[in-house]
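User: Please take one part of this model and look at it closely. Keep it brisk, and tie the details together.

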Amino acid sequence: MPTLILVRHGRSTANTAGVLAGRTPGVALDERGAAQAAALPARLARIPLAVAVSSPLQRCRETLRPLLDARPGLRLETDDRINECDYGDWSGRKLAELGDDPLMEVVQQHPSAAGFPGGESIREMQARAVAAVRDWNARVEEAHGAEAVYLMCSHGDIIKSLVADALGMHLDLFQRISVEPCSVTAIRYTRLRPYLVRLGDTGDFGSLTPPDEGGSGSERDAAVGGGAGAA
């Protein structure tokens, strides 16, 4: 089965403003985010990509633009199933004020029980993202073979939920996973199990060699999405 490269979008204007952007339109990369995106083609230069799949939001499309410019033959697809979590009434609000909401403690400590007012639950978010990956795994393997590599550009909570699924980790533990802006994570899917090959890589991206099937295997924008850091 294919290897999935997960790229979180670069740092956005909402990140630097301390706002939970959610699906609010018009949220672009800031200057640092644009520089992170510009560095992505070189970081992935050694990785063949069968297709790129993006969240429909502007900050993800801007993150992929330099990579697509560097690889004119790379096809871009958009999939709403890897869109940002629908934070509903929380969207566009300051993280500082949301920190006092009792729901935030549930989001951090018991996320599988958390649902956003006017939006979706974290369980629903994970389910649609996992369904998207299963679908794209089958499509990419059919078109390009089992050794193919493809890319998805998405959001912090989406990527963390996919990593939790790959690790067989309960959703209540997914807040322990950190994926910084424009970090790269790789999951190698096989018939028996997924392997987390790389998590939150922010430097040059190298080998994707998975463990043998028969062997032992061996910048956060929101407290919701992975911490409140300013990076």
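Analyst:
**A close look at the sheet**

C85 is buried, and its relative accessible area is 0%. Here buried means under 20% relative accessible area, exposed means over 50%, and partly exposed lies in between (1.4 Å probe, protein chains only). The model is predicted: local features need pLDDT of at least 70 and side-chain atom pairs pLDDT 80 or more, while totals for chains, interfaces and linings use all residues. Residues are numbered from 1 along each chain as its sequence is written, and side-chain values use heavy atoms, leaving out hydrogens and water.

First, the setting. The chain has 231 residues, and 53% of them are buried. About 9,700 Å² is exposed, with carbon and sulfur atoms supplying 50% of that area. These areas come from the Shrake-Rupley method with a 1.4 Å probe; for residues, only the protein chains shown count as cover. There are seven helices and six strands. Both are DSSP runs numbered from the N terminus: helices are H or I with at least four residues, strands are E with at least two. From the N terminus, the order is β-α-α-β-α-β-α-α-α-β-α-β-β.

Now the sheet. It is open, has six strands in the order 3-2-4-1-5-6, and its pairing is mixed. Strand 3 (76-78) and strand 6 (194-201) are the edges, each pairing on one side only. On average, neighbouring strands are turned by 20° against each other, direction ignored. Two helices pack on this sheet. Helix 3 (residues 58-70) touches strand 1, strand 2, strand 3 and strand 4, and its direction makes about 145° with that of strand 4. Helix 6 (residues 122-144) touches those strands and strand 5 (184-189) as well; its direction makes about 150° with that of strand 4. Contact means heavy atoms within 4.5 Å. The axes are lines fitted to C-alpha atoms, for helices over the stretch in contact, and angles run from 0 to 180 degrees between N-to-C directions.

Strand 4 deserves the closest reading. It spans residues 149-154, and six of its six residues are buried. V149, L151 and C153 point one way, while Y150, M152 and S154 point the other way. Its partners come next. Two strands count as paired if DSSP finds at least two bridges between them. Strands of a sheet pair through backbone hydrogen bonds, either parallel or antiparallel. Strand 1 and strand 4 are parallel, over six bridges. In that pairing, L4 bridges to Y150 and I5 to L151. Strand 2 (residues 52-54) also runs parallel to strand 4, with three bridges. There, A52 stands opposite L151.

C153 invites a disulfide check. C153 is buried, with a relative accessible area of 0%. Its closest cysteine sulfur is that of C60, 4.0 Å away, so the pair is too far apart for a bond. A disulfide needs two cysteine sulfur atoms within 2.5 Å. By this rule, the count is zero.

Just past strand 1 sits a histidine. H9 lies in the loop between strand 1 (3-8) and helix 1 (13-17). H9 is buried too, at a relative accessible area of 0%. Its side chain makes a polar contact of 3.4 Å with that of R59. A polar contact is a pair of N or O atoms within 3.5 Å; within protein, one must be able to donate a hydrogen and the other to accept it, and residues adjacent in sequence count only if both atoms are side-chain atoms.

On the other side of strand 1, the pairing changes sense. Strand 1 and strand 5 are antiparallel, over five bridges. T3 has R188 as its bridge partner in strand 5. Strand 5 is mostly covered, with six of its six residues buried. V184, A186 and R188 point one way from it, and T185, I187 and Y189 the other way. Strand 5 then pairs with strand 6, again antiparallel, over five bridges. A186 bridges to R198 there. A hairpin of four residues joins strand 5 to strand 6.

One residue in the approach to strand 5 stands out. C182 has a positive phi of about 65° although it is not a glycine. C182 lies in the loop between helix 7 (156-167) and strand 5. It is buried, with a relative accessible area of 2%.
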